[in-house]
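Trainee: Got a minute to go through this one with me? I keep seeing labels and want to know what earns them.

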Amino acid sequence: MSGAFSQADHRYMARALQLAQKGLYTTDPNPRVGCVIVRDEQIVGEGFHLRAGEPHAEINALNDAGEQAQGATAYVTLEPCSHIGRTGPCAVALQEAKVSRVVIAMVDPNPQVSGRGIRLLEEAGIEVAVGLLEIEARVLNPGFIARMTQQRPFVRLKMAMSLDGRTAMGSGESQWITGPEARTQVQRLRARSSAILSGVESLIMDDSRLTLRAEQLQLDNADEVVRRQPLRVILDTHLRLPLAAACLSEPGRTLVIATPDHSEEKRERLTEAGAEVQVLPAGSDGRIDLVVMLQWLAENEQVNELLVETGATLAGAMLDAALVDELQLFVAPTLLGGEARPLFALPGLSRMADQRRLTIHDMRAVGRDWRIIASPQATSETGPSGEFSESKVT
């Protein structure tokens, strides 16, 4: 099933990955997948998955190739599907097109179907090779992989701060710390996300819209991208969100998550104002359990990538619970002073041994600001999975 790959194999799979990238902002909740069909060392068909409910990458590539697919090699970034959903199984389509070889970057992470597409191809006498540019393929779909294997979204925490690590003045004033180029990058983070999570305190303070805006995305297909507004998720234990909050009048859905300890009258009024209210069981301290919340979003809303845009309390709680997979920190060349608000609320760090170390993966200039992409390092308390059973926040 696996084996040595030629230089040409690498070249064609790299092209398939480029095609998959074209669905970065539109395929949710499906994975981003690209496919290239090659015959006699010539690309005869290309395709990628654009959005859920529409043909998969393999089908688009086969349609592009036509009869030239017979005897060809198909390069696909994710194992061809073997089940019937809103579209037919791609493994069967490749078999019916009479391709002779299929090269796959990565196996489907869904344990219920993983390997079935490969077996269907092999049983049909098609040569299958797996594992070419697998790391690059996995980078394309961190959220889909997390939802399939961990039953929770991939959590990306975005924060903007001054050079002295502050996010807002003591009064709460925060617009704008970073420049327009950084805000464009944030818009693109929103665009690739299934949902945006914030705490009610941040919404009360900033009245953020939490939406995609075509003029800030600066993409050729911006108007198409904003058609799919990410789900807005607000953690609000006691339903304190103002009825006039800007996010309630924006396109798309606003989901407010509360515990049973709230006013039924306020719930009705929030619903009338445009919110959806979801009640989750309270923990022993009466607060929203973050682990339960993430699992609920994955199972019920098919959230792949969750972008957290919030204040110090919720950001600190997510980090403290080892629920953050990636941090994107935008650092502005400015100083806000000691009375300004901090980046994270992480109580209990009294010794150097308590510090939370990060691994920096990328650092680069974005306009006049800097963007740091990092991930938390695992600790003995979190274990290799990074999961806690007791992680709650208001």
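**What the labels rest on**

Trainee: Where is A273 found?
Mentor: A273 is in the loop between α11 (264–272) and β11 (275–279). Keep in mind that this is a predicted model.

Trainee: Why is A273 called partly exposed?
Mentor: Its relative accessible area is 29%. Buried would need under 20% and exposed over 50%, so A273, at 29%, falls in between and is called partly exposed.

Trainee: Which residues is A273 in contact with, leaving aside neighbours within four places in sequence?
Mentor: L243 and L248. As for R371, A273 is 98 residues from it in sequence and 37 Å from it in space, C-alpha to C-alpha.

Trainee: E79 next. What makes you say that E79 has no salt bridge?
Mentor: The nearest side chain of opposite charge is R119, and that is 6.8 Å away. A salt bridge needs a distance within 4 Å, so R119 at 6.8 Å does not qualify. E79 is nevertheless buried.

Trainee: Where is E79, and what does it touch?
Mentor: E79 is in the loop between β3 (73–76) and α3 (90–96). Not counting residues up to four places away in sequence, its contacts include I104, M106, D108, V113 and R116.

Trainee: What makes β11 and β16 edge strands?
Mentor: Each of them pairs on one side only. They belong to an open sheet of nine strands with mixed pairing, in the order β11-β10-β9-β8-β13-β6-β14-β17-β16. Neighbouring strands there are turned by 25° against each other on average, direction ignored.

Trainee: How do you know that β10 and β11 pair?
Mentor: Two strands count as a pair with at least two bridges between them. β10 (residues 254–258) and β11 have five, so they pass, and they run in the parallel sense. Within that pairing, V256 stands opposite V277 in β11.

Trainee: Which strands does helix α7 touch where it packs on the sheet?
Mentor: Helix α7 (residues 180–192) touches β6, β8 (195–199), β13, β14 (326–332), β16 and β17 (369–376). Its direction makes about 160° with that of β14.

Trainee: How confident is the predictor over the chain?
Mentor: The mean pLDDT is 89, and 92% of the residues reach 70 or more. Over residues 379–394, though, the pLDDT is below 50, even if that stretch has 38 contacts in the model beyond near neighbours in sequence. Where pLDDT is low, don't read the predicted coordinates in detail.

Terms used: Residues numbered from 1 in each chain as written. Predicted model: local features only at pLDDT ≥ 70, side-chain atom pairs only at ≥ 80, totals over all residues. Heavy atoms only, no water. Helix = DSSP H or I, 4+ residues; strand = E, 2+ residues; numbered from the N terminus. Buried < 20%, exposed > 50% of the residue type's maximum accessible area, 1.4 Å probe, protein only. Lys, Arg positive; Asp, Glu negative; His and termini not counted. Contact = heavy atoms within 4.5 Å. pLDDT = per-residue confidence, 0-100. Axes fitted to C-alpha atoms, helices over the stretch in contact; angles between N-to-C directions.
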